[in-house]
Amino acid sequence: MIPHDDDAPVLDPASAEWISALTAAGRDREAGLARLHGLLIRVAVHELRRREASSAVTGAELDDMAHQCAADAMLAILDKLDTFRGESRFTTWAYKFVVLEVSSKLGRHYWRRHPTTLLDAEDWERLPDRFGVDPGEHAERADLVKAVQRAVEETLTDHQRRLFTAIVVNQVPLDALVSQLGLNRNAVYKAVFDARRKIRLFLIANGYLDERRQGR
Amino acid sequence: MNHREQLERVLATDPADVGCEQAIALLHMYADMIATDKDAAREYPGVAAHLAACGPCGEDFQGLLEAVTAGA
């Protein structure tokens, strides 16, 4: 560990070297920026390839997106460099920006592949598949779907209903919804989290689910 | 698992779940701990609960962990 001044974080040697290079002047900084940029591109390519099957982003488009992710991550990293406190290795902190850029860009890209997806369409017939309900149990399935539909209508706010329907019923990826509605991931997750909790409580209160399982 | 149990599983929410914002804020620390065989879930149980429940944050965590362990 290399101590800086009294108020500065204590960094591991490799992280201290990164910070020193990126806050230097002239050629040292240029070399540090180039080295970091190279790493960010490698991480972006690896991450986009890892998600290739679900995103369908491949080939030249993948390479182009990787460079965009690396460039945007680089800007964010330099902008926030003075907030790095050494709680992790510098590279781990920096790679996080790339991974988040990949998620964000793939969220926007979703709409190119699915331009006609309607957020508010409520195809309740799909619900048994979403919940893994056995299609063989027709009567009970229909009963359960109606109960969930009632819970959605009677207990959720318009906002919660819209997001729950988009994500759970229509299976729109959360980051695609974030991109489309201009919300942040936490806001969407929290709304759906609250919606799931309310629906569950409704189903317990009406005898469809076992109260003893509450809170799990 | 019958259909009610499956539905229960889909609707389950963990009160310990810290949400996306806090999980992402701590993700680099969490990933470094996992990469160095430290008990990250014990140190940050709310993050562990969130990563188990939130698909997108779980995906980000897996990507970050791979980048870190691959030494990029």
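## Helical fold, core and chain contacts

Chain A has ten helices and zero strands (DSSP runs, H or I of at least four residues for helices and E of at least two for strands, numbered from the N terminus). This is a predicted model, in which local features need pLDDT of at least 70 and side-chain atom pairs count only at pLDDT 80 or more, while totals for chains, interfaces and linings use all residues. Residues are numbered from 1 along each chain as its sequence is written, and chains are lettered from A in the order in which they are written.

Of the 216 residues in chain A, 37% are buried, that is, with 20 or more other C-beta atoms within 10 Å of their own C-beta, placed from the backbone.

The largest nonpolar core (buried Ala, Val, Leu, Ile, Met, Phe, Trp, Tyr and Cys residues joined through C-beta atoms within 7 Å) has 78 residues, with Ala44(A) and Val98(A) having the most contacts inside it. Helix α5 (residues 90-113) of chain A gives the most to this core, eleven residues. Because domain 1 (13-113) and domain 2 (124-213) of chain A both contribute residues, the core lies between them; the domain bounds come from an automatic or database assignment.

Between the chains, 38 residues of chain A are in contact with 29 residues of chain B, a contact being two C-beta atoms, placed from the backbone, within 7 Å. Helix α10(A) gives the most to the chain A side, with nine residues. The table divides that side by residue class.

| Class | Residues of chain A |
|---|---|
| Nonpolar (Ala, Val, Leu, Ile, Met, Phe, Trp, Tyr, Cys, Pro) | 15 residues |
| Polar (the others, Gly among them) | seven residues |
| Charged (Asp, Glu, Lys, Arg) | 16 residues |

Notes
Buried ≥ 20, exposed ≤ 12 C-beta atoms within 10 Å, placed from the backbone.
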